[in-house]
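User: Could you take a close look at one residue for me, and then place it within the chain as a whole? I'd enjoy a connected account.

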Amino acid sequence: MTHDLVTSLRPLLAAEASAEAYASGAEPGDLEQAVWLRLLERLEAHGPPRDPPRWLRSAVRLEARRTRRTARDERPYETEPAGAAEYEPEQLALTAARHRALRDAVRRLPGRCPRLMEALLSPKDLTYREIAGELGISQGSLGPERSRCLGCLRRLLTPEVAAY
C-alpha cells in the first residue's frame with residue numbers, strides 16, 4: 001500500500017515542489033524530502049490521507065511557507081564565530097590524523113626516545129626534573145637527548161607531513 005502511494009505521488013510531488021520552490025527560496029529536492037517525511041509521519045500516526053493528491057498539494061504549500069518564514073527570520077553571521085572552524089568535522093578528522101601520525105612516529109623512535117617524547121607530550125606538563133627522574137637520566141643530559149630525539153622524529157615525519 002505505502003509503496004503504491006509513494007509511486008503514484010512521486011510525479012505530482014516533483015511538479016508541486018518545483019512550482020513552489022522558487023517563491024519559497026528552497027530547493028525543490030528539499031521540499032520533496034520534507035513532504036515525504038511528513039507523509040511517513042502521517043502514515044505512522046493516522047494512516048494514509050483520504051485524498052492523497054490534495055493532501056500532498058497542501059503539504060507542499062505548508063512546507064514552502066515554513067521555509068519562507070525560516071529564511072526570513074534567520075540571518076547568517078557576518079563572519080564565522082570565533083573558533084568555529086577548529087570544531088568542523090573535517091578539521092577534527094585532520095587533527096586526529098595528525099595526532100595519530102605523531103604518536104605512531106614516536107613509537108618508532110630508537111632507544112629511550114619514545115619514553116622521552118611521551119613524557120614531553122604528556123598532558124601532565126612534567127618539568128625537566130620530573131622527566132629526568134622518570135627516565136633515570138641526569139637533568140643535564142635531557143636537553144641534548146631531547147634534541148637528538150626531535151631530529152629523529154623530524155626525519156620520520158617528513159614524508160607524512162608532506163601528505164598534509
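**A close look at Glu145**

Analyst: Happy to. Leaving aside residues up to four places away in sequence, Glu145 touches Arg112, Cys113 and Leu116. Please keep in mind that this is a predicted model. Glu145 itself sits in helix H7, which covers residues 139–163. Is Glu145 buried or exposed? Its relative accessible area is 11%, and because buried means under 20%, Glu145 counts as buried.

Now let's step back to the chain around this residue. The protein chain has seven helices and zero strands, so read from the N terminus the order of elements is simply α-α-α-α-α-α-α. Across the protein chain, 29% of the 164 residues count as buried, and Glu145 is one of the buried residues.

The overall dimensions help to set the scene. The radius of gyration of the protein chain is 30 Å, whereas a compact globule of 164 residues would have one near 15 Å. Measured out along the principal axes, the C-alpha trace spans about 85 × 40 × 30 Å.

What share of the contacts with a separation of 6 or more joins residues 24 or more positions apart? In the protein chain that share is 56%.

Finally, a word on surface and charge. The accessible surface of the protein chain is about 11,600 Å², with 53% of it belonging to carbon and sulfur atoms. The protein chain carries 26 positive and 24 negative charges, and the mean positions of these two sets are 4 Å apart.

Definitions and conventions
Residues are numbered from 1 along each chain as its sequence is written. This is a predicted model: local features need pLDDT of at least 70, side-chain atom pairs count only at pLDDT 80 or more; totals for chains, interfaces and linings use all residues. Side-chain values use heavy atoms; hydrogens and water are left out. Helices (H or I, at least four residues) and strands (E, at least two) are DSSP runs, numbered from the N terminus. The radius of gyration is taken over C-alpha atoms; the globule rule is 2.2 Å times the number of residues to the power 0.38. Buried means under 20% relative accessible area, exposed over 50%, partly exposed in between (1.4 Å probe, protein chains only). Contact means heavy atoms within 4.5 Å. Accessible areas come from the Shrake-Rupley method with a 1.4 Å probe; for residues, only the protein chains shown count as cover. Lys and Arg count as positive and Asp and Glu as negative; His and the chain ends are not counted. The place of a charge is taken as NZ of Lys, CZ of Arg, CG of Asp or CD of Glu.
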